[in-house]
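Q: Could you take a close look at how the domains of this protein chain meet, and at what the rules find across their interface?

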Amino acid sequence: MKAAVFYGTEDIRVEEKEMEPLGENELLLKVKACGICGTDIHILKGEKGSASVTPPVVLGHEFSGEVVKVGSKVTQFSVGDRVSVDPNIYCGECSFCKSGKPQLCEQLTALGINIDGGFAEYCKVPAANAMKFPSHIPFEAAALAEPLSCCIHGIDLAEISTGQKVAIIGGGAIGLIMTQLAVFNGASYVLLSEPIKKRRDLALQLGADKVIDPTKEMIGTAEFDTVIECAGNKNAIETALKIVKRGGTVLFFSVPSPNEQIMINPYEIYQKELTIKGSFINPSTFGRAMDLIIHNKIKLEPLISHTFGVDDIKAAFETQPNPNAVKVLIRFD
């Protein structure tokens, strides 16, 4: 099969790769679509924090496909089923798993990170990590169930109450998903801060009440109940702490460079009695994400700005950070 294999910093190669034998509790998928995530970019750049990735490995953890073979003990799936994949695999034995926080699992592994993932024509996945979806849902939308499920976990942590004012900093794919979820969860007013006009226009189409270009306009100080930071840069992170009002919540959701550092004023956190939270992956939210997609409660296809074949994986990786891109997908037609 053809696969894009990561060998090390800035080294990803499209080559023929043999498929390993299918386990008794696994599915073999013909991959149809796989998204490029910020995590993939960090891995390719060799940034600190990607040490758990041991090359060679096929990257890609946002994917969907069609079942072409089932393991001998798999009973809930059949050849021809359309499935989306939750890439995260937990040990179930560590203290975090047993205390209801599997996202912090000491032995966490993931398809497309430690195990071959979706940037390949075929991928084997644990049946427990696959979820069926009906034929009216495009494979491209189903591939984005993983980032949607991560956003749902973040929204849960943000605890948005009906009628609250919410600011979202960063209008990439994640910020645009968060915009929709904030509206869905009852926010009375949602502002998105994003320097790129294409993304601001999309945010308005997807439910934002106001958009601003932070290079030209300041966000009002201390006026938001909840601020969700989705940009991953120093200015965005520091801005989030300034614009949240007393008693408010700041959710740091982005995947910044592991080397990024910020200046904070602890007195301001104390005086405002702020709640500051981080959000990591998607514990127990993948099914909810698929339900939102299946019942057309959230729009994901408008976020897909570029598609490439796997032969053009390098061009796809170069395009994802481009200001004109929102979400880049690899498609296997």
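A: The domain assignment (bounds from an automatic or database assignment) splits the protein chain into domain 1, residues 2–132 + 300–331, and domain 2, residues 151–278. Residues are numbered from 1 along each chain as its sequence is written. Please keep in mind that this is a predicted model, where local features need pLDDT of at least 70, side-chain atom pairs count only at pLDDT 80 or more, and totals for chains, interfaces and linings use all residues, while side-chain values use heavy atoms, with hydrogens and water left out.

Between the C-alpha centres of domain 1 and domain 2 there are 28 Å. Where the two meet, 15 residues of domain 1 are in contact with 15 residues of domain 2, contact meaning heavy atoms within 4.5 Å. Together they bury about 1,200 Å², and 64% of that is on carbon and sulfur atoms; buried area is the accessible area (1.4 Å probe) that two parts lose on being put together, summed over both. On the side of domain 1 that touches domain 2, the residues divide into six nonpolar, six polar and three charged. Here Ala, Val, Leu, Ile, Met, Phe, Trp, Tyr, Cys and Pro count as nonpolar, Asp, Glu, Lys and Arg as charged, and the others, Gly among them, as polar.

What about salt bridges across the interface of domain 1 and domain 2? The rule, a side-chain nitrogen of Lys or Arg within 4 Å of a carboxyl oxygen of Asp or Glu, finds zero of them there.
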